[in-house]
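Subject: Structure handover

Hello,

Here is the structure I said I would pass on. My notes follow below it.

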Amino acid sequence: VADEIVSGGGEASTATADLLDPAAPARLIEQVVDDHGRMDHLVASGAGATPQGLKFSLFHQLQESDLADLVQVHWLSKAYLIHAALQHMIPAGYGKIINVSSDAGRTATPNESMIGGSAAGLMRMSQVIARETGRYGIRINTISCGPLTDQDITQVVQTYRDVVPEAAQRAAEKLQRRILF
C-alpha cells in the first residue's frame, strides 16, 4: 500500500514492531512522527502472524496462559497502537485508523472463543473511540476478515499455511484494496 501511495506522488511508509511488548507501539508511532512530522493514518494488523495468535482450540482445551496471550495479540496490541497514535492525531485535528480483525468477533465460531471475544472487544472499543474522537476529525473503522467456508477453522488455517506464495500475494492485494477504500 505504501508503495502505491508513493508511486502516486504521496508520502507513506511502513513500520514494524513487536506489538506483544506494550511499550513498542509508542516507540513505533514516535518513529513515524519523527520521520514524517505527523501521524495521519494507522492500519493496525498482524495478530495472525504470531504463534500466540494462531491458537485455534475449543475454549475448555486452551491453556490458562493462552487466554491472556490471545487477548494481548488480538486486542491489546492494537489498543496500544491506537492510544499512541491518538496522542498525535487529536492535537493535529485529523486522523484515520483502520483495524484489521477477525470475523469471529461478529460470528460465533468454534475454536475461536478468545479470538472472537478479543475481536468483538476491539470492534466495540473502536466504536466508542470513534464517538470520543470524531469531534477531533478522527475516523476509526474495523475490517473483519475471515474465510468463507464450512470447514473446521483448524483445517482452514492449515490450508492457508500451505498456500502458494502467489495466492497469498493475491489475498494481500485484495486486503489492500479494502483498506484503501
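I start with a residue at the edge of a helix pair and work towards the core and the strands. Please keep in mind throughout that this is a predicted model.

A24 is part of helix α2. A24 counts as buried because its relative accessibility is 5%, under the 20% cut-off. Leaving out residues up to four places away in sequence, A24 touches A17 and D18. A24 is also 9.3 Å from S77, C-alpha to C-alpha, with the two positions 53 residues apart in sequence numbering.

Overall layout

The protein has six helices and three strands. Read from the N terminus, the order of elements is α-α-β-α-β-α-β-α-α. The protein has 181 residues, of which 34% count as buried. Taking contacts between residues at least 6 apart in sequence, 67% join residues at least 24 apart.

The α2/α3 pair

Two packed helices are described by the angle between their axes and the distance between the axes. For α2 and α3, the axes come within 8 Å and cross at roughly 35 degrees. The crossing of α2 past α3 is right-handed. On the α2 side the residues that meet α3 are P25, A26, L28, I29, E30 and V33. Their counterparts in α3 are S77, Y80, L81, A84, A85 and H88. Sorted by class, this contact is made of nine nonpolar, two polar and one charged residues.

The nonpolar cores

The largest nonpolar core has 21 residues, and the members that touch the most others are I29, M39, L42, I82, M89 and I97. At least two residues of this core come from each of α2 (24-36), β1 (41-44), α3 (64-92), α4 (113-133) and β3 (138-145). The largest share is that of α3, with seven residues. Another core, of five residues, lies apart from this one and has L62, L70, M114 and I115 among its members.

I29 turns up twice here: I29 is one of the core members with the most contacts to other members, and I29 is also one of the α2 residues that meet α3.

What does I82 touch, leaving aside its neighbours within four places in sequence? The contacts of I82 are L42, I97, N99, M125, I129 and I140. Of these, L42 and I97 are named with I82 among the core members that touch the most others.

Strand β1

V43 and A44 both belong to β1. Is V43 buried or partly exposed? V43 is partly exposed, because its relative accessible area of 41% falls between the cut-offs of 20% and 50%. A44, by contrast, counts as buried, at 0% relative accessibility.

Each of these residues has a partner distant in sequence. The C-alpha atoms of V43 and I82 are 9.4 Å apart, and the two residues are separated by 39 along the chain. For A44 and A79, 35 residues apart along the chain, the C-alpha separation is 9.1 Å. Setting aside neighbours within four places in sequence, A44 is in contact with K78, L81, I98, N99 and V100.

Strand β2 and the loop after it

S101 and S102 are in strand β2. S101 is buried, with a relative accessible area of 10%, and S102 is buried as well, at 14%. Not counting residues up to four places away in sequence, S101 touches K78, A119, L122, T142, I143, S144 and C145. With the same exclusion, S102 touches E112, I115, A119, M123, S144 and C145. A polar atom of the S102 side chain lies 2.9 Å from the backbone nitrogen of A104.

N111 sits in the loop between β2 and α4. Most residues other than glycine have a negative phi, and most peptide bonds are trans. N111 is not a glycine, yet its phi is positive, at about 80 degrees. Is N111 buried or exposed? N111 is buried, because its relative accessible area is 12%, under the 20% cut-off.

Regards

Technical notes
Residues numbered from 1 in each chain as written. Predicted model: local features only at pLDDT ≥ 70, side-chain atom pairs only at ≥ 80, totals over all residues. Heavy atoms only, no water. Core = buried A, V, L, I, M, F, W, Y, C linked by side-chain atoms within 4.5 Å. Buried < 20%, exposed > 50% of the residue type's maximum accessible area, 1.4 Å probe, protein only. Helix = DSSP H or I, 4+ residues; strand = E, 2+ residues; numbered from the N terminus. Contact = heavy atoms within 4.5 Å. Polar contact = N/O pair within 3.5 Å; in protein donor to acceptor, adjacent residues only side chain to side chain. Axes fitted to C-alpha atoms, helices over the stretch in contact; angles between N-to-C directions. Left-handed = near helix turned anticlockwise from the far one by under 90°. Nonpolar A, V, L, I, M, F, W, Y, C, P; charged D, E, K, R; others polar.
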